[in-house]
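Good morning, everyone. Please have the sequence and the model open while I talk.

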Amino acid sequence: MAVVASFRGVAHGRLPLFHHPQLPAGSISAAQRKLTRRPNGLTLVARYSQTQDFFTSRLQDRIENLPKLVEDIVQTSINTGPRGALRLAQGIQAIIGVGGEWLSDVSKSTNSSAGLPTQMQLGLLSPLYLRKLFERMGATYVKLGQFIASAPTLFPPEYVQEFQYCFDRAPAVPFEEINIILRAELGRPIDTVYEYVDPTPIASASIAQVHGARLRGSQEDVVIKVLKPGIEDILVADLNFVYVVARILEYVNPELSRASLC
């Protein structure tokens, strides 16, 4: 009966079980387990070898691409020039300024019985203070704020609502600086062209601000859109910084190159 059962096991793909009077059943079972585990061991070795080859190939690709990455970073830094250092100083100044506002607000809230609001607990990452930081950082970050305000499906509603201010209520440039730009662009005194220019801007956005004015002679009311001073240097420095960060991210994770970050 034992022999018949063993051949039935073979028909079902199992090892035959021959009971020998001098061998305990447990030793046969252990030998069977060792034999049945061999295919799994071979599979694991094959998979390990494939994984090792994959990581070795990726490591070789990174080593080959490293000189190109360094070259791009160096060339971008050269193209940025002193603007990069100036932009870094402006960024640090902006963080210190907004951080000071947050600390001041926190000290006022801790003295009240209501406790610290949830928004203040997030620090500079809260919608209010992040929007203020973006405004202090200037054009590129205000544009990013406008993108956040325009993408309610991607960002929480608190951030979308707060960043609505970036569309036309960005910090205005003092009219003294606007006056200098107008005089340089016109190439003559402003009062020879305009009878009146309102020093209070109608709107102030990321790159330019708008002032109301009245033409001399025709008495026609017009608006003047003036680019903010130093805007070109700010954009060049910020975009070069974004490019360097994107290149580093693509180098660390090549899969990100499909997203065309650069």
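I will go through a core, a pair of helices and some aromatic rings. Keep in mind that this is a predicted model.

Let me start with the core. The largest nonpolar core has 12 residues. Among them are Val173, Phe175, Ile178, Ile181 and Leu182, and also Ala213, Ile224 and Val226. Three elements give two or more residues each to this core: helix α8, residues 175–186, and the strands β1, 194–197, and β4, 221–227. The largest share comes from α8, with 4 residues. For the background, in soluble globular proteins nonpolar side chains tend to be buried together.

One residue of this core is Phe175. Which residues does phenylalanine 175 touch, if we do not count residues up to four places away in sequence? The list is Val197, Asp198, Pro199 and His211.

Now to the helices. Helix α5 covers residues 127–137, and 9 of its 11 residues are buried. The buried ones include Pro127, Leu128, Tyr129 and Leu130, but also Arg131 and Glu135. After α5 comes glycine 138, which has a positive phi, near 100 degrees.

Next, how α5 sits against α6. Two packed helices are described by the angle between their axes and the distance between the axes. Here the axes come within 6 Å and cross at roughly 140 degrees. Roughly antiparallel would need an angle over 145 degrees, so α5 and α6 count as oblique to each other. On the α5 side, the contact is made by Phe134, Glu135 and Met137. On the α6 side, it is made by Ala139, Tyr141, Val142, Leu144, Gly145 and Ile148. By type, the residues of this contact are 7 nonpolar, 1 polar and 1 charged.

Staying in α6, which runs from 139 to 149, look at threonine 140. Is threonine 140 buried or exposed? Its relative accessibility is 17%, and buried means under 20%, so threonine 140 counts as buried. Leaving aside neighbours within four places in sequence, threonine 140 is in contact with Ile234, Leu235 and Asp238.

Last, the rings. There are 3 aromatic pairs. Phenylalanine 147 and phenylalanine 155 form an edge-to-face pair, with 5.9 Å from centre to centre and 85 degrees between the planes. Phenylalanine 147 is partly exposed, at 44% relative accessibility, and phenylalanine 155 is also partly exposed, at 26%. Ring pairs also link Phe134, Tyr141 and Phe163 into a cluster. Of these, Phe134 and Tyr141 also appear in the contact between α5 and α6.

That is the end of my part.

Methods:
Residues are numbered from 1 along each chain as its sequence is written. This is a predicted model: local features need pLDDT of at least 70, side-chain atom pairs count only at pLDDT 80 or more; totals for chains, interfaces and linings use all residues. Side-chain values use heavy atoms; hydrogens and water are left out. A nonpolar core is a set of buried Ala, Val, Leu, Ile, Met, Phe, Trp, Tyr and Cys residues joined through side-chain atoms within 4.5 Å. Buried means under 20% relative accessible area, exposed over 50%, partly exposed in between (1.4 Å probe, protein chains only). Contact means heavy atoms within 4.5 Å. Axes are lines fitted to C-alpha atoms, for helices over the stretch in contact, and angles run from 0 to 180 degrees between N-to-C directions. Angles under 35 degrees count as roughly parallel, over 145 as roughly antiparallel, 65 to 115 as roughly perpendicular and the rest as oblique. Ala, Val, Leu, Ile, Met, Phe, Trp, Tyr, Cys and Pro count as nonpolar, Asp, Glu, Lys and Arg as charged, and the others, Gly among them, as polar. Rings of Phe, Tyr and Trp (its six-membered ring) pair if their centres lie within 6.5 Å; planes under 30 degrees apart count as stacked, over 60 as edge-to-face and the rest as tilted.
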